[in-house]
Amino acid sequence: MVKIPVIDFTNFTKSNAITRQAVIKQIYEACHEIGFMYLQNSAISKELIKEVFNHSKSFFNLPLEVKQKQAWSDELSNMGYVGIERERLNPNKSGDLKEAFNVNKQAVGTNASLVTFYDNCTEFANRILQAYALALELPEYFFTIRHNQQNHTLRLLHYPPLQTPPKPGQVRAGEHSDYGSITLLFQDDIGGLEVQTVSGEWIVAPAIPDTVIVNTGDLMQRWTNHRFCSTKHRVMIPSDDRVNQSRYSMAFFCHPNDDTEITCLESCQKEQLPIYAPILAGEYLLSRLQATYGNS
């Protein structure tokens with residue numbers, strides 16, 4: 001069975017050149033073979049992660065009418081509160097059994113925990129992007145300079161206990177791939193996340209203490225000509241008592257600057273011609289959000 005690898009990222013940031021190269025090779029293999037990995041030692045403190053999870057729980061515990069005052073309104077901003085069943089990550093299925101709150105660099109406001117967490121995620125993502133660049137035989141800062149406007153989205157997620165039977169085919173988060181470059185995912189221990197392997201098999205991606213799940217998004221797949229794969233994943237409804245418990249997670253979607261042209265990298269054209277035509281990062285994100293929200 002294919003497993004999602006666990007990689008100690010300390011060996012990229014603090015080790016000698018030989019050990020660093022070994023980590024770069026591990027990351028390349030993870031991105032090429034399954035598109036997901038667990039990274040240990042992210043330098044984001046457990047205390048800070050716990051604070052943001054507590055902030056998320058406090059927000060989602062607010063009355064619906066209070067949350068709706070900050071409701072998500074359009075794909076261009078992609079900010080605010082998204083109610084239960086409002087989003088369909090698989091556009092062919094019923095609405096997802098989750099609620100979410102999106103914030104960007106400007107919208108984190110004055111909440112010290114959110115500001116620090118957003119900044120720490122940005123720094124961590126930049127280090128991962130450095131590893132990606134080296135794995136692809138590019139200058140180390142090739143990707144980071146194309147992400148320097150910090151067009152990233154922090155998404156707080158709540159999957160509430162199931163009160164009524166789901167509609168046919170309805171799940172907590174429908175089968176989908178992420179839209180940007182990479183995603184950092186922090187999840188509690190309730191479970192439900194599943195990842196699809198190259199062979200089409202769905203495997204469980206449980207919470208592993210002191211790790212961050214990192215996966216490749218669509219734009220990185222386009223950039224790399226499928227050398228790095230953007231893998232479908234979903235959140236299923238538990239079949240045991242956990243169906244009566246809330247599940248919480250936080251996703252940090254790392255996205256290139258809107259005006260970055262995503263065109264096939266030269267180092268990724270050795271084995272096959274470019275699969276995709278060039279596209280601006282901002283245009284691609286907008287098209288995917290329109291599909292997710294039904295062009296509303």
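This report walks through a four-stranded sheet, two helices and one buried aspartate in a predicted model.

## About the model

Local features are described where pLDDT is at least 70, side-chain atom pairs count only at pLDDT 80 or more, and totals for chains, interfaces and linings use all residues. Numbering starts from 1 along each chain as its sequence is written, and side-chain values use heavy atoms, with hydrogens and water left out.

## The sheet

Let's start with the strands. An open, antiparallel sheet is built from four strands in the order β6-β11-β8-β9. Here strands (E, at least two residues) and helices (H or I, at least four residues) are DSSP runs numbered from the N terminus, and two strands pair if DSSP finds at least two bridges between them. β6 (173–176) and β9 (202–204) are the edge strands; each has a single partner, so one side of each has no neighbour in the sheet. On average, neighbouring strands are turned by 20° against each other, direction ignored (axes are lines fitted to C-alpha atoms, and angles run from 0 to 180 degrees between N-to-C directions).

At one edge, β8 (residues 193–196) pairs with β9 over three bridges in the antiparallel sense. Q196 sits opposite W202 of β9.

## Two helices

Helix α3 (residues 46–60) has 15 residues, which should span 21 Å at 1.5 Å a residue, and its end C-alpha atoms are indeed 21 Å apart; the expected span is 1.5 Å times one less than the number of residues. L48, I49, V52, F53, S56, F59 and F60 of α3 are buried (under 20% relative accessible area, with exposed meaning over 50% and partly exposed in between, for a 1.4 Å probe and protein chains only). Viewed down the axis of α3, the buried residues fall within an arc of 140°, so they line one face of the helix; the arc is that of the directions from the helix axis to the C-beta atoms. On the other side of α3, K46, E47 and K50 are exposed.

At the start of helix α5 (residues 112–135), a side-chain oxygen of N111 comes to within 3.1 Å of the backbone nitrogen of S113. Just after α5, E137 has a positive phi of about 65°.

## Around D178

D178 lies in the loop between β6 and β7 (182–187) and is buried, with a relative accessible area of 6%. Beyond its neighbours within four places in sequence, D178 is in contact (heavy atoms within 4.5 Å) with T183, N215, G217, D218, S230, H233 and F253.

Side-chain polar contacts join D178 to T183 at 2.8 Å and to N215 at 3.1 Å. A polar contact is a pair of N or O atoms within 3.5 Å; within protein, one must be able to donate a hydrogen and the other to accept it, and residues adjacent in sequence count only if both atoms are side-chain atoms.
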